[in-house]
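Walk through this structure with me, one region at a time. Keep the sequence beside the model as you read.

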Amino acid sequence: MYDSESILKTTSPSTEQEPAILDQAEISSFVNGFLQRRDVFLQACHSYGSPLYVVEENVLLKRAEQFTDAFSQVLPEVRVYYAMKSNNHPLIVKTFVNAGLNLDVSSGLELEIALDTDATDIVFSGPGKTEKELTLAVENSDRTTVLIDSFGELEHLQRVAAEKDASIRAGVRLTIDSNGLWRKFGIPLKDLSKFLDASKHCDHVSINGLQFHTSWNLDPYNQVNFIARLGNTLSKLNSEQQAMIEFIDIGGGFWPSQGEWLQSSGLPLSHSSSVTKLSSVSKTCHYKRHSTPIEEFAGQIAQAVRTHLFPYVSCRICAEPGRWLCNDAMHLLLTVVDKKARDLVITDAGTNAIGWERFETDYFPVINLSRPEVIEHECYILGSLCTPHDVWGYAYWGKGIEPGDVLMIPTQGAYTYGLRQEFIKPLPAVVMLEKNA
Ligand SMILES: Cc1ncc(COP(=O)(O)O)c(C=O)c1O
């Protein structure tokens with residue numbers, strides 16, 4: 001059944017994709033879309049101050065609907081769990097729950113936020129769950145399924161549940177690579193049969209599903225590849241073991257459809273010398289790795305599920321998207337406080353607001369909402385921290401730039417707000433622009 005050759009031919013691994021020059025028309029239309037609504041963002045900054053995180057409820061709702069539709073149209077039974085680690089702001093989490101999504105949590109802290117919403121179906125995954133975290137899961141076993149990470153954790157959960165005379169639904173996470181660093185997640189495929197047998201002795205834990213997760217997928221190659229390997233393992237389980245499996249959770253890792261945008265400094269070393277020669281290292285030349293539309297992810301994954309899994313198990317398919325759902329819904333607004341040279345300004349916020357030196361390598365347009373123009377000019381846009389790595393960008397879109405101007409860095413919803421750090425500068429407030437604002 002497992003035919004690795006044919007799988008390798010269906011798609012190419014995203015990691016091998018060479019970045020191409022980002023098309024000017026594409027980026028101009030992206031910037032223009034935000035400039036069209038600049039009054040709404042300027043008004044938010046005026047009312048709530050700067051720096052500010054702005055969340056668009058409309059965008060959250062659209063993404064939730066599009067993701068769910070894409071998978072529901074190609075598979076018989078689908079459940080979507082929002083991966084809270086990508087952005088755990090309670091307003092965002094509640095918006096997704098109210099839109100009908102379930103939640104994926106990775107700690108007791110996230111589980112507490114999830115329990116504070118109306119979510120009725122929460123999966124709790126991640127390595128190294130503590131006694132306190134497992135206890136919280138058991139105390140809320142009507143709403144929580146634990147995705148167990150190891151044989152040790154199976155015993156631990158059994159002990160915790162037995163002490164409370166409770167029983168809890170669970171699944172087991174499978175590692176996608178039993179040799180490298182990804183070994184820290186889950187158990188190897190070869191141990192699945194042993195694990196299912198071991199769980200029969202744990203009468204307080206009811207194992208009824210499997211989970212795996214692959215990350216940074218610009219296309220479905222990694223997911224399709226693992227589904228084929230999983231099918232091979234399922235084919236060797238006995239019928240009692242196969243019947244235990246009521247869900248298979250394919251994790252998250254879906255890249256947003258705009259693709260990955262890079263500065264020239266973000267290019268892989270093997271590409272940078274040839275590409276930068278072409279562009280004479282212009283700060284307004286950017287690069288892109290293409291990403292696959294979600295409907296195509298869903299189509300290819302569904303085909304792999306039908307080919308490799310459904311012959312052995314009849315189950316629902318779950319997914320745990322984080323970045324794909326929240327990335328485009330949150331933007332950062334900041335204000336220029338000092339212009340030190342024609343080509344160097346300092347803003348009121350530092351990159352502690354996003355927690356890492358993202359913009360040294362990733363490209364996102366810095367849009368001057370106060371002086372709108374769809375032309376990009378070279379200029380160092382720097383934050384106010386005591387490090388030269390405090391960079392927002394090397395250019396801005398607008399007609400000049402002066403102290404007092406409000407700048408926007410769009411689509412910062414995933415793995416920025418959650419990584420923010422208490423460091424020197426106060427953290428931006430968060431405001432939600434309600435539907436139709
Ligand atoms: C188990 C698991 N599920 C889901 C996700 C969400 O991934 P993404 O935000 O890339 O969709 C992650 C991210 O690390 C994860 O580890």
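Leu 333 has a wide set of partners in this predicted model. Leaving aside residues up to four places away in sequence, Leu 333 touches Phe 41, Cys 45, Ser 50, Pro 51, Leu 52 and Val 54. It also touches Val 406 and Met 408. Leu 333 belongs to the largest nonpolar core, which has 122 residues. Six of its members touch the most other members: Phe 96, Leu 103, Leu 157, Leu 333, Val 366 and Leu 407. Helix H13, residues 294–309, gives this core its largest share, eight residues.

Now take the strands around this position. Strand S13 spans residues 330–341. Its pairing with strand S2, residues 52–56, is antiparallel and uses four bridges. Within that pairing, Val 55 has Met 330 of S13 as its bridge partner. S13 also runs antiparallel to strand S18, residues 406–409, again with four bridges. There, Leu 332 stands opposite Ile 409. Strand S14, residues 344–347, is another antiparallel partner of S13, joined over four bridges. Asp 338 faces Ile 346 in that pair. Two residues lie between S13 and S14, and the two strands form a hairpin.

A separate sheet deserves a look. In what order do the strands of the open sheet with three strands run? The order is S1-S11-S10, and the pairing is antiparallel. S1, residues 20–21, and S10 stand at the edges. Each has a single partner strand, so one side of each is left without a neighbour in the sheet. S1 pairs with strand S11, residues 287–289, over two bridges in the antiparallel sense. One of the residues involved is Ala 20, whose bridge partner in S11 is Lys 288.

Next, the loop before S10. Phe 254 sits between strand S9, residues 247–249, and strand S10, residues 260–262. Is Phe 254 buried or exposed? Phe 254 counts as buried, because 30 C-beta neighbours fall inside 10 Å; the cut-off for a buried residue is 20 or more. Phe 254 touches Asn 217, Ile 294, Phe 297, Pro 321 and Trp 324, with residues up to four places away in sequence not counted. Thr 214 is 40 residues from Phe 254 along the chain. Their C-alpha atoms are separated by 8.9 Å.

Turn to the ligand. Its surroundings comprise 16 residues. The closest are Ala 83, His 213, Gly 252, Gly 322 and Arg 323. By class, the shell holds four nonpolar, eight polar and four charged residues.

Finally, step back to the whole chain. The protein chain has 14 helices and 19 strands. Its C-alpha atoms fill a box of roughly 70 × 50 × 40 Å along the principal axes. How does the radius of gyration fit, and why? A compact globule of 437 residues would have a radius of gyration near 22 Å. The protein chain has 23 Å, so the value agrees with that expectation. Buried residues make up 46% of the 437 residues. Contacts also reach far along the sequence. Among those between residues at least 6 apart in sequence, 77% join residues at least 24 apart. The pairing of S2, residues 52–56, with S13, residues 330–341, joins two such distant stretches of the chain.

Definitions and conventions
Residues are numbered from 1 along each chain as its sequence is written. This is a predicted model: local features need pLDDT of at least 70, side-chain atom pairs count only at pLDDT 80 or more; totals for chains, interfaces and linings use all residues. The radius of gyration is taken over C-alpha atoms; the globule rule is 2.2 Å times the number of residues to the power 0.38. A residue is buried if 20 or more other C-beta atoms lie within 10 Å of its own, exposed if 12 or fewer, and partly exposed in between; C-beta atoms are placed from the backbone. Two residues are in contact if their C-beta atoms, placed from the backbone, lie within 7 Å. Two strands pair if DSSP finds at least two bridges between them. A nonpolar core is a set of buried Ala, Val, Leu, Ile, Met, Phe, Trp, Tyr and Cys residues joined through C-beta atoms within 7 Å. A residue is near a molecule or strand if its C-beta atom, placed from the backbone, lies within 6 Å of it. Ala, Val, Leu, Ile, Met, Phe, Trp, Tyr, Cys and Pro count as nonpolar, Asp, Glu, Lys and Arg as charged, and the others, Gly among them, as polar.
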